[in-house]
Amino acid sequence: MTETCLDPAVPLRGQIAVVTGAARGIGEAIAVRLARMGAAVVLTARDQARLEQVKAAIEQLGEKAIALPCDLTNDKAVAALGDRVGREFGRCDILVNNAGVAVLRKPLVDLPGVGKNLVEHPFMFVGWNARPGAFRSELRVDRATLWVMQWGLFGKGLFATNGAAGNLFIRTDPRLDRPDMQFTCMSGEVSARELWFPLIGKKPPHTLGAGLSMIKQDSRGAVWLRSAQVQDPPRILFNLFQEKSDMDRAIRGLKAIREVYGREPLRSLVADETLPGAKIISDADLEKFVRDTGAITQHAVGTCKMGIDGDPLAVVDGSLKVRGVEALRVIDASVMPDVPGGNTNAPTIMIAEKGADLIRGRTLPRAEL
Ligand SMILES: Cc1cc2nc3c(=O)[nH]c(=O)nc-3n(C[C@H](O)[C@H](O)[C@H](O)COP(=O)(O)OP(=O)(O)OC[C@H]3O[C@@H](n4cnc5c(N)ncnc54)[C@H](O)[C@@H]3O)c2cc1C
């Protein structure tokens, strides 16, 4: 976003930009750049003398700047600054906050959906002891070396795969109109990455496993600021399995994967189940397993969701513009209102392509179907 915003092709004439920490360094550089792009820049920092110098430099370029010195560590001074910007300009189109403070105590645009609606693909892992001949035995150093050579020379063989041998998309309930669970069947297990040196190292067990990603989730989490300091990491709460429907889905998924591995051709590859384990059968025990081991697939989306007028949690509109702000777009996975029923990278790239077209005012020719 920053790159796009600072592209000289984006005209900012008539826009009001407030830049904190503008007395020196990156704050100063951004202020000058925004002014060159036509914005009227409100410069703020504690050092009045330096601010006046930056202001003079901007005015020499024939652009407008105003210096409003402020102790940005003082809450009252910051609130007064926000009030003054509101009084004098009536708005702030661009806020570049280099000082890490909540500059405008009363936000000009209050979008309660920012940070809400965090949604993921909850993840579980199940495993089995495998019968001899499984992938793990190929990690013996001599065999692995041959597989590496085959891959390097011919691009083929066992090591020409990433180990995620197959992906199944299934409906855990026949009444569903689309899959709600993705099984990633692996030729080993996640920890099967160390080489085995016979006579030196202990022979690793033959195991294989499968990852279960719930590609539909009803629970919603949130992301929010820990403090007004930019250096502080945000707070992230996924709320996985908070809704009963999600826990029910997870349990149906575990039962379904047992069915898949209980049938040929997989049945003859696996011996006893190690995770969750053959004794974990009741729904209560399966729920405990899910709560103890459930994780994320790294597919977080939704915290700046796109939505229609009247949707109280909508952050961006149908053209990716932040609601209530004239020239700001969000173009990433956070605009997805719900998590897609598959991996998130490709849909994010599609959003980025579309966003680039929207900024440049390009419309694609109609697809020929
Ligand atoms: C470990 C992992 C594995 C994954 N595997 C897969 C997979 O196999 N398949 C799949 O489809 N998806 C996968 N995903 C998900 C996929 O990568 C994401 O959905 C996708 O990258 C989201 O794109 P994004 O543009 O929203 O965010 P990101 O790709 O995270 O891009 C955000 C960018 O912003 C930059 N940035 C952050 N803060 C600042 C700042 N202050 N100033 C400037 N720049 C900043 C970051 O450096 C980053 O380049 C995986 C994710 C992870 C974390």
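User: Hey, how many residues surround the ligand, and which are the closest?
Analyst: There are 10 around the ligand, and the closest are Asp332, Ala333, Asn343, Thr344 and Asn345. A residue is near a molecule if its C-beta atom, placed from the backbone, lies within 6 Å of it. This is a predicted model, where local features need pLDDT of at least 70, side-chain atom pairs count only at pLDDT 80 or more, and totals for chains, interfaces and linings use all residues. Residues are numbered from 1 along each chain as its sequence is written.

User: Which helix gives the largest share of the shell around the ligand?
Analyst: Helix H8, residues 345-360, with 3 residues. Helices here are DSSP runs of H or I with at least four residues, strands are E runs of at least two, and both are numbered from the N terminus.

User: And what does the shell look like by class?
Analyst: The shell has 2 nonpolar, 7 polar and 1 charged residues. Ala, Val, Leu, Ile, Met, Phe, Trp, Tyr, Cys and Pro count as nonpolar, Asp, Glu, Lys and Arg as charged, and the others, Gly among them, as polar.

User: New topic, Val335. Is that one buried or exposed?
Analyst: Val335 counts as buried because it has 24 C-beta neighbours inside 10 Å. The cut-offs are 20 or more other C-beta atoms within 10 Å for buried, 12 or fewer for exposed, and partly exposed in between, with C-beta atoms placed from the backbone. Val335 sits in the loop between strand S12 and helix H8.

User: What is Val335 in contact with, not counting its neighbours within four places in sequence?
Analyst: Cys304, Lys305, Met306, Val316, Leu320, Val330 and Ile351. Contact means that the two C-beta atoms, placed from the backbone, lie within 7 Å. Lys305 is 30 residues away from Val335 in sequence, but their C-alpha atoms are 4.1 Å apart in space.

User: Leu320 is on that list. What is its phi like?
Analyst: Leu320 has a positive phi of about 70 degrees, although it is not a glycine. Most residues other than glycine have a negative phi, and most peptide bonds are trans. Leu320 is in the loop between strand S12 (295-296) and H8, and it counts as buried, with 21 C-beta neighbours inside 10 Å.

User: What about Asn239, where does that lie?
Analyst: In the loop between strand S10 (235-237) and H6. Asn239 also has a positive phi, near 60 degrees. With 15 C-beta neighbours inside 10 Å, Asn239 counts as partly exposed.

User: You mentioned peptide bonds. What is the one from Glu264 to Pro265 like?
Analyst: That bond is cis, with omega near 10 degrees. Pro265 is in the loop between helix H6 (244-261) and strand S11 (270-275). The bond from Leu275 to Pro276 is cis too, with omega near 0 degrees, and Pro276 lies in the loop between S11 and helix H7 (283-293).

User: OK, helices now. At what angle do H6 and H7 pack?
Analyst: About 105 degrees, with their axes 10 Å apart. The axes are lines fitted to C-alpha atoms, for helices over the stretch in contact, and angles run from 0 to 180 degrees between N-to-C directions. H6 and H7 are therefore roughly perpendicular to each other. For the wording, under 35 degrees is roughly parallel, over 145 roughly antiparallel, 65 to 115 roughly perpendicular, and the rest oblique.

User: Which residues meet there?
Analyst: Met247, Ala250, Ile251 and Leu254 in H6 meet Asp283, Leu286, Glu287 and Val290 in H7. By class, that contact has 6 nonpolar, no polar and 2 charged residues.

User: And how do the axes of H2 and H3 cross?
Analyst: H2 is residues 25-36 and H3 is residues 48-60; their axes come within 10 Å and cross at roughly 25 degrees. That is why H2 and H3 are roughly parallel to each other. On the H2 side, Glu28, Ala31, Val32 and Ala35 meet Val54, Ala57 and Ile58 in H3. That contact divides into 6 nonpolar, no polar and 1 charged.

User: Last one: where is Val114?
Analyst: In the loop between strand S4 (94-97) and strand S5 (122-130). Val114 counts as buried, with 20 C-beta neighbours inside 10 Å. Leaving aside neighbours within four places in sequence, Val114 is in contact with Cys304 and Val315.
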